[in-house]
Amino acid sequence: MPVSTSSNIQQITSGSELTKEYLENINKYLWTLSPTEILSWAIDHLPNLYQTTAFGLTGLATVDMINKISIDRNQNHLVPLIFLDTLYHFEETLELAKRCQETYQVPLHVYKPMDASTTAEFEQEHGSNLWKVDEDMYDYLVKVEPARRAYEELNVKSVITGRRRSQRGDRENIPILEVDGTGLIKLNPLALWDFQQVWTYIRANEVPYNALIDQGYKSIGDHHSTKKPTGQEGERDGRWAGQQKTECGLHKDYFKMRAAFMASKKKRQEQQQQQQQQQQHTSMITA
């Protein structure tokens, strides 16, 4: 099959159209483009396109690039944002989200864990250390389920992510364009850039960024599982330090994550039932 060009790639309507061969062919073409050109292509070819972001440096560079494309086309910001508020973000991250919305006049859709709008409400139901006690359940509740809810409510077919190969871990070999197990199309426009290239773009274009970057942080997630990297550590080594974990669940197999969540939920329910039975038994003895 010959390598695709912009002229022979048709408008894509769903992930099911992207066979392995067609996907490989498109990626060969995208490999020749700059991130801005990749984003322009995506805006023209991908269906129901949104950007998911936690306002890391890569996502911020992407927002800025899309904004420039939008201005060149005399249109408002062309790709809406989805932000998953886990209820455990740094205050600096939440302030940055508002600043970006105002700076770029971009539609921002915020999704929180189901049935919890504050940390206190979440912890009343799940305890104060769920992220440590049961990380699969935590990831599902604060990231995976809200993301799936966002995709369904907004009819999302394609998302732009901030993943790059230089971040290592599960990201080392990511393509520019891929389709996950649910049929969601994922675009990684800066997949080939390293941290320095992203940081240079941020500074050169005066892109708003997280104040924690100036304190030495490079990758910023929930405050309870993010630390400042030291020495020659990789840029994401400050996330989940001391664990084998490199992803929060958003870019893992959705069905496996949901199965793990359901198994954890069932186990907790069984434990609660046993505790209740023991308490009832003890009450009967002491009565």
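Here is a short back-and-forth about this predicted model.

Me: How many helices and strands does the chain have?
Reply: Let's start with the overall make-up. The chain runs to 287 residues, and buried ones make up 49% of them. Its secondary structure comes to nine helices and six strands.

Me: What share of the contacts with a separation of 6 or more is between residues 24 or more positions apart?
Reply: One pair gives a taste of this: Leu33 and Pro189 are 156 residues apart in sequence, yet their C-alpha atoms are 9.5 Å apart in space. For the chain, taking contacts with a separation of 6 or more, the share from residues 24 or more positions apart is 72%.

Me: Are H3 and H4 roughly parallel or roughly antiparallel to each other?
Reply: Two packed helices are described by the angle between their axes and the distance between the axes. For H3 (residues 57-72) and H4 (residues 91-104), the axes come within 11 Å and cross at roughly 10 degrees. Angles under 35 degrees count as roughly parallel. So H3 and H4 are roughly parallel.

Me: And how many nonpolar residues are in the contact of H3 with H4?
Reply: From H3 you get Leu60, Val63, Asp64 and Asn67, and they meet Leu96, Cys100 and Tyr104 in H4. The residues of this contact divide into one charged, one polar and, for the nonpolar group, five.

Me: Which element gives the largest share of the largest nonpolar core?
Reply: That core has 54 residues, and Trp41, Leu177 and Leu187 touch the most other members. Several elements each supply at least two residues, including H1 (20-30), H2 (35-45), strand E2 (81-84) and H8 (195-204). The largest share is seven residues, and it comes from H3.

Me: How many residues are in the second, separate core?
Reply: This one is separate from the core that H3 supplies with seven residues. Its members include Tyr50, Tyr111, Val156 and Val159. The count for this second core is eleven.

Me: Which residue in strand E6 that touches the most other core members does Leu177 touch?
Reply: Leaving out residues up to four places away in sequence, Leu177 touches residues including Leu18, Leu23, Ile26, Trp41 and Leu187. Strand E6 covers 185-187. Trp41, Leu177 and Leu187 are the core residues that touch the most other members. The one in E6 is Leu187.

Me: Is Leu57 buried or exposed?
Reply: Leu57 sits in helix H3. Not counting residues up to four places away, Leu57 touches Phe195, Val198, Trp199, Ile202, Tyr209 and Ile213. Its C-alpha is also 8.1 Å from that of Asn210, 153 residues away along the chain. With a relative accessible area of 7%, Leu57 is buried.

Me: What about Leu33, buried or exposed?
Reply: Leu33 is in the loop between H1 and H2. Buried means under 20% relative accessible area. Leu33 has 19% relative accessibility, so it counts as buried.

Me: Where is Asn48, and what is its phi?
Reply: Asn48 lies in the loop between H2 and strand E1 (49-52). At 34% relative accessibility, Asn48 counts as partly exposed. Asn48 is not a glycine, but its phi is positive, near 40 degrees.

Me: Is Glu206 buried or exposed?
Reply: Glu206 is found in the loop between H8 and H9 (254-286). Glu206 has a positive phi too, about 50 degrees, although it is not a glycine. Its relative accessibility is 71%, so Glu206 counts as exposed.

Terms used:
Residues numbered from 1 in each chain as written. Predicted model: local features only at pLDDT ≥ 70, side-chain atom pairs only at ≥ 80, totals over all residues. Heavy atoms only, no water. Axes fitted to C-alpha atoms, helices over the stretch in contact; angles between N-to-C directions. Helix = DSSP H or I, 4+ residues; strand = E, 2+ residues; numbered from the N terminus. Parallel < 35°, antiparallel > 145°, perpendicular 65-115°, else oblique. Contact = heavy atoms within 4.5 Å. Nonpolar A, V, L, I, M, F, W, Y, C, P; charged D, E, K, R; others polar. Core = buried A, V, L, I, M, F, W, Y, C linked by side-chain atoms within 4.5 Å. Buried < 20%, exposed > 50% of the residue type's maximum accessible area, 1.4 Å probe, protein only.
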